[in-house]
Amino acid sequence: MIKQLLYAEFIKIVKQSKTYYALVAIAVIELLIFITAYYQGSTILDLLLNTLRQNFYFEGSLLNGNLILYIVLNSLWFNVPLILMIVTSGLLTDEHKDGTLQTVMLQAVNKWKFILAKYITAAIFTLMVIGFMMLSSFALAYAVFGSGDLVVYIGTLNFFEAKEAFNRICWAFASGSIAMIFYSTASITIAIFVKEAAKTWIASALFLIITNLLLKADFLPAGLNSFFFPKLIDTWQQLFNYKIDWQQIGLNNFMLLLYCFGFAALGIFAFRKKDIG
């Protein structure tokens with residue numbers, strides 16, 4: 001049963017126009033980053049690093065593909081998760097709108113399997129979108145700007161040689177994909193409670209904004225605060241610290257996956273108890 005449900009969900013997501021609008025939107029974001037960097041990037045870098053250039057030697061141009069990829073990664077803060085939440089929540093809100101959900105529930109379909117298939121589809125779709133984003137940005141960034149050393153500012157300026165920068169960026173995309181799955185999972189859970197598409201989009205955007213705001217706020221005791229989910233969504237950024245704490249990054253991503261399962265479990269429980277009408 002679950003295989004048939006997954007197949008049906010993938011057919012829906014392939015056929016809906018929002019899927020392709022999402023890919024186009026991500027491509028447009030990338031192009032805007034490339035165009036801005038191409039015409040203004042060198043000027044900005046010269047202003048920031050003019051003094052450092054007098055004391056340090058940098059291999060190649062600092063306006064290179066690795067820097068562009070790091071900038072693209074920063075779209076994981078808001079732009080990409082918002083797009084993903086809108087598309088994945090549509091897996092449920094569209095069926096509420098069209099009235100097909102009631103028809104499906106009249107058949108011999110197990111409720112928890114039905115909604116679980118949507119969570120799995122959302123996770124796989126998210127990975128596919130991040131994969132598309134990664135491949136397209138890598139190809140364009142290196143084709144247009146080439147490779148070179150990476151400079152990033154995280155409290156202080158950190159410099160990485162081209163090969164090390166490439167490895168860190170790859171790991172950052174992998175870590176960031178878990179954060180994106182978390183947002184996609186949350187969007188379906190929100191859709192279960194809200195139902196209507198427009199209201200779900202607003203609620204999802206609010207959830208995203210609040211999560212980003214709470215990243216800088218400390219309300220819980222120190223021991224618990226670091227495991228609060230808003231504190232985990234920027235784990236990919238830790239890969240650009242000069243010294244990588246792999247143990248902490250692994251723990252953060254594991255905790256974020258647990259939150260994904262928790263939000264999905266809440267959604268499945270609510271959907272099973274909910275009267276579909």
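From the N terminus on, the elements of the protein chain follow the order α-α-α-α-α-α-β-β-α-α-α-α, a total of 10 helices and 2 strands. Helices (H or I, at least four residues) and strands (E, at least two) are DSSP runs, numbered from the N terminus. The model is predicted, and local features need pLDDT of at least 70, side-chain atom pairs count only at pLDDT 80 or more, while totals for chains, interfaces and linings use all residues. Residues are numbered from 1 along each chain as its sequence is written, and side-chain values use heavy atoms, with hydrogens and water left out.

Some totals describe the chain as a whole. Of the 277 residues in the protein chain, 47% are buried; buried means under 20% relative accessible area, exposed over 50%, and partly exposed in between (1.4 Å probe, protein chains only). The protein chain exposes about 14,200 Å², of which carbon and sulfur atoms supply 68%. Accessible areas come from the Shrake-Rupley method with a 1.4 Å probe, and for residues only the protein chains shown count as cover. Contacts (heavy atoms within 4.5 Å) can be sorted by sequence separation: among those in the protein chain between residues at least 6 apart in sequence, 80% join residues at least 24 apart.

Helix H6 (residues 111-145) allows a check of helix geometry. The expected span of a helix is 1.5 Å times one less than its number of residues. For the 35 residues of H6 this gives 51 Å, and the end C-alpha atoms are 50 Å apart, which agrees. Val144 is found in helix H6 and counts as partly exposed, at 45% relative accessibility. The C-alpha atoms of Val144 and Phe34 are separated by 8.5 Å, although the two residues are 110 residues apart along the chain. Just after H6, Gly146 takes a positive phi of about 75 degrees.

The two strands form a hairpin with 3 residues between them, and Gly155 in the turn has a positive phi of about 80 degrees. Strand S1 (residues 150-153) and S2 run antiparallel and are joined by 4 bridges; two strands pair if DSSP finds at least two bridges between them. Tyr153 has Leu157 in S2 as its bridge partner. In strand S2 (residues 157-160), Asn158 and Phe160 make up the covered face, whereas Leu157 and Phe159 make up the uncovered one.

Charged side chains provide another set of links. The structure holds 7 salt bridges, a salt bridge being a side-chain nitrogen of Lys or Arg within 4 Å of a carboxyl oxygen of Asp or Glu. In one of them, the side chains of Lys18 and Asp94 meet at 2.8 Å, N to O. This pair links distant parts of the chain, with Lys18 in helix H2 (residues 17-53) and Asp94 in helix H4 (residues 79-98), 76 residues apart.

A second salt bridge lies within a helix: Glu164 pairs with Arg168, and their closest N and O atoms are 2.8 Å apart. Why are Glu164 and Arg168 separated by about one helical turn? The two residues are 4 residues apart in helix H7 (residues 162-194), and therefore about one helical turn separates them. An α-helix has 3.6 residues a turn, so residues three or four places apart point the same way. Glu164 is partly exposed, with a relative accessible area of 34%, whereas Arg168 is buried, at 5%.

Lys195 lies in the loop between H7 and helix H8 (197-214). Most residues other than glycine have a negative phi. Lys195, which is not a glycine, nevertheless has a positive phi of about 75 degrees, and this residue is partly exposed, with a relative accessible area of 25%. The side chains of Lys199 and Glu196 meet in a salt bridge of 3.5 Å, N to O. Lys199 counts as partly exposed at 47% relative accessibility, and Glu196 is also partly exposed, at 46%. Elsewhere, salt bridges that share partners join Glu9, Lys12, Glu95 and Lys118 into one network.

Cysteines and a further long-range approach complete the account. A search of the whole structure finds 0 disulfides, a disulfide being a pair of cysteine sulfur atoms within 2.5 Å. Cys170 counts as partly exposed at 22% relative accessibility, whereas Cys260 is buried, with a relative accessible area of 7%. In helix H10 (residues 246-273) lies Ala265, which is partly exposed at 43% relative accessibility. The C-alpha atoms of Ala265 and Trp112, 153 residues apart along the chain, are separated by 9.6 Å.
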